[in-house]
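Hi everyone, thanks for coming along. Have a look at the structure on the screen, and I'll walk you through a few places in it.

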Amino acid sequence: MFSVEKPFDPKLFVRNELQTFSPYTPGEQPGLTTSTIKLNTNENPYPPSPKIQKAVEEVIEKGLLRKYPNYHSRKLQELIAKDYDLDPNQILVTNGSDEALRLLFQTFVGPGDVVVAPDPTYSYYPVLTEQMMVGAKYKAVPVLPNLHFDIETLMKCEGKLLCFAHPNAPTGIEEPKQNLLKLVRSFPGLVLSDEAYIDFTDGGASLIPEIKTNPNLLVSRTFSKSYALAGLRVGYLVGSLETIAWIRKLKDSYNVGILDQVIAETSYADKEYFLEKRKLLVQERSRLKTNLESIGFTIPESSTNFLFCQPKPGVSPEQLYLSLKEKNILIRYFSYGICKDYIRITIGTKEENDLVFQTLKTLL
């Protein structure tokens with residue numbers, strides 16, 4: 001029994017494996033009233049589809065908020081399935097793509113299993129591997145000096161799961177589709193293509209169509225980036241009927257709310273608006289890249305909504321990050337591996353991009 005003299009300490013009851021566990025570290029999130037220019041978490045600078053407001057009002061007017069949402073987010077499943085000529089049951093709609101990744105790991109990664117990934121890539125993968133708490137191992141394969149995947153080494157790896165971001169984060173680089181298919185076909189386990197940024201490529205790069213002929217392949221997607229719905233938390237996982245059926249067993253009940261479903265459905269269907277804002281963002285990406293290169297930055301070609309920027313020799317990336325922060329401009333700096341030589345800048349509005357460029361130009 002606990003008393004004032006002997007206060008309750010929850011640490012005494014925490015599983016041993018959690019004592020040294022390191023959680024995922026998100027980008028800084030300033031308060032909603034701040035005047036900070038926020039270019040650190042790859043959010044879309046443009047608003048989501050204007051059709052959302054009417055769709056939300058209809059949900060409220062019909063009194064649907066008092067009822068549970070569709071368990072499988074069926075309408076959204078059907079919209080996505082139609083675009084890719086898939087069975088709707090091949091699509092698992094989730095609370096953000098991170099839930100899709102967590103369910104995938106929970107379903108298939110067990111004691112002694114190996115998770116393989118290029119390095120660097122999405123930093124949530126090693127966290128998920130460690131979360132299994134059963135002795136799973138994470139094998140990181142360093143990228144080549146040009147920041148592309150080391151395809152030859154990855155093809156020689158064995159494991160239960162191979163995962164990569166396509167295009168990659170934080171580098172922004174898109175790998176040739178044929179190289180990724182080599183990995184899918186050579187790897188002895190499951191392969192995840194995490195396509196959070198795929199909509200910012202030139203098109204046709206998604207591996208979703210390849211699922212029909214590669215049953216070990218899974219693809220995750222999100223509405224956070226290209227659909228400007230990061231505050232909503234909707235994503236989905238695509239795979240074979242059998243693989244998705246196993247993963248669905250671990251899904252939370254009613255994991256995606258009715259407003260989330262309706263907003264995602266409306267945004268997905270408004271393709272004209274989506275393409276218009278995507279075009280604007282890609283144009284700004286090109287303009288900002290050119291401007292930054294004019295003041296000495298080396299930047300790989302980006303297929304995402306951010307730039308991975310290496311300053312000229314003698315300039316500290318960390319100091320640039322800190323100096324911008326002092327001026328209320330947030331970008332991202334990772335202090336490990338090859339990332340320590342770069343800063344990552346999310347593409348903002350024209351005004352935001354001009355401000356970060358002029359500020360960096362002054363600092364340099």
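Let's start with the largest cavity, and with where it sits. Domain 1, made of 26-48 + 272-363, gives residues to its lining, and domain 2, covering 50-269, does too, so the largest cavity lies between the two domains. Please keep in mind throughout that this is a predicted model.

How much space lies in the largest cavity? About 80 Å³. Its lining includes Asn44, Tyr46, Pro47, Pro48 and Ser49 from one part of the sequence, and further along you will find Ser226, Tyr227 and Ala228. Ser267, Tyr273, Phe274 and Lys277 are also in the lining. Helix 9 provides the largest share, with 3 residues. If you sort the lining by class, you get 7 nonpolar residues, 4 polar ones and 1 charged one. The structure holds 3 cavities of 30 Å³ or more.

Now please turn to the second largest pocket. Where does it lie with respect to the domains? Both domain 1 (26-48 + 272-363) and domain 2 (50-269) contribute to its lining, so this pocket lies between them. It holds about 410 Å³ of space. In total 22 residues line it, and those nearest its centre are Tyr84, Asp199, Arg221, Tyr227 and Phe274. Three elements each give two or more residues to that lining: helix 2 (74-84), strand 7 (217-222) and helix 9 (271-293). Which of the elements gives the most? That is helix 9, with 4 residues. As for the classes, the pocket lining has 10 nonpolar, 5 polar and 7 charged residues.

You may have noticed some familiar names there. Tyr227 and Phe274 appear in the lining of the largest cavity, and they are also among the residues nearest the centre of the second largest pocket.

Since helix 9 keeps coming up, let's pick one residue in it: serine 286. Is serine 286 buried or partly exposed? Its relative accessibility is 44%, and buried means under 20% while exposed means over 50%, so serine 286 counts as partly exposed. Its C-alpha atom is separated by 37 Å from that of isoleucine 258, although the two are 28 residues apart along the chain.

Next, find threonine 266 in helix 8, which spans residues 258-269. Threonine 266 has 17% relative accessibility, so it counts as buried. Leaving aside residues up to four places away in sequence, threonine 266 touches Lys51, Ile52 and Ala55.

My last residue is isoleucine 329, in strand 10 (residues 329-330). With a relative accessible area of 2%, isoleucine 329 is buried. What does it touch, once residues up to four places away in sequence are left out? Ile37, Leu324, Leu355, Val356 and Thr359. Isoleucine 173 is 156 residues apart from isoleucine 329 along the chain, and their C-alpha atoms are separated by 24 Å.

Let's finish by zooming out to the whole chain. It has 11 helices and 11 strands, and 53% of its 364 residues are buried. Among contacts between residues at least 6 apart in sequence, 73% join residues at least 24 apart. Along the principal axes, the C-alpha atoms fill a box of roughly 60 × 55 × 50 Å. A compact globule with 364 residues would have a radius of gyration near 21 Å, and the chain has 21 Å, which agrees.

That's my tour, and I'm happy to go back to any part of it.

Conventions. Residues are numbered from 1 along each chain as its sequence is written. This is a predicted model: local features need pLDDT of at least 70, side-chain atom pairs count only at pLDDT 80 or more; totals for chains, interfaces and linings use all residues. Side-chain values use heavy atoms; hydrogens and water are left out. On a 1 Å grid over the protein atoms alone, a cavity is a set of points where a 1.4 Å probe fits but cannot get out, and a pocket is an open set with protein on both sides within 12 Å along at least five of seven lines; lining residues have an atom within 4 Å of a point. Grid points are joined across faces, edges and corners, and a volume is the space filled by probe spheres set on the points. Ala, Val, Leu, Ile, Met, Phe, Trp, Tyr, Cys and Pro count as nonpolar, Asp, Glu, Lys and Arg as charged, and the others, Gly among them, as polar. Domain bounds come from an automatic or database domain assignment. Buried means under 20% relative accessible area, exposed over 50%, partly exposed in between (1.4 Å probe, protein chains only). Contact means heavy atoms within 4.5 Å. The radius of gyration is taken over C-alpha atoms; the globule rule is 2.2 Å times the number of residues to the power 0.38.
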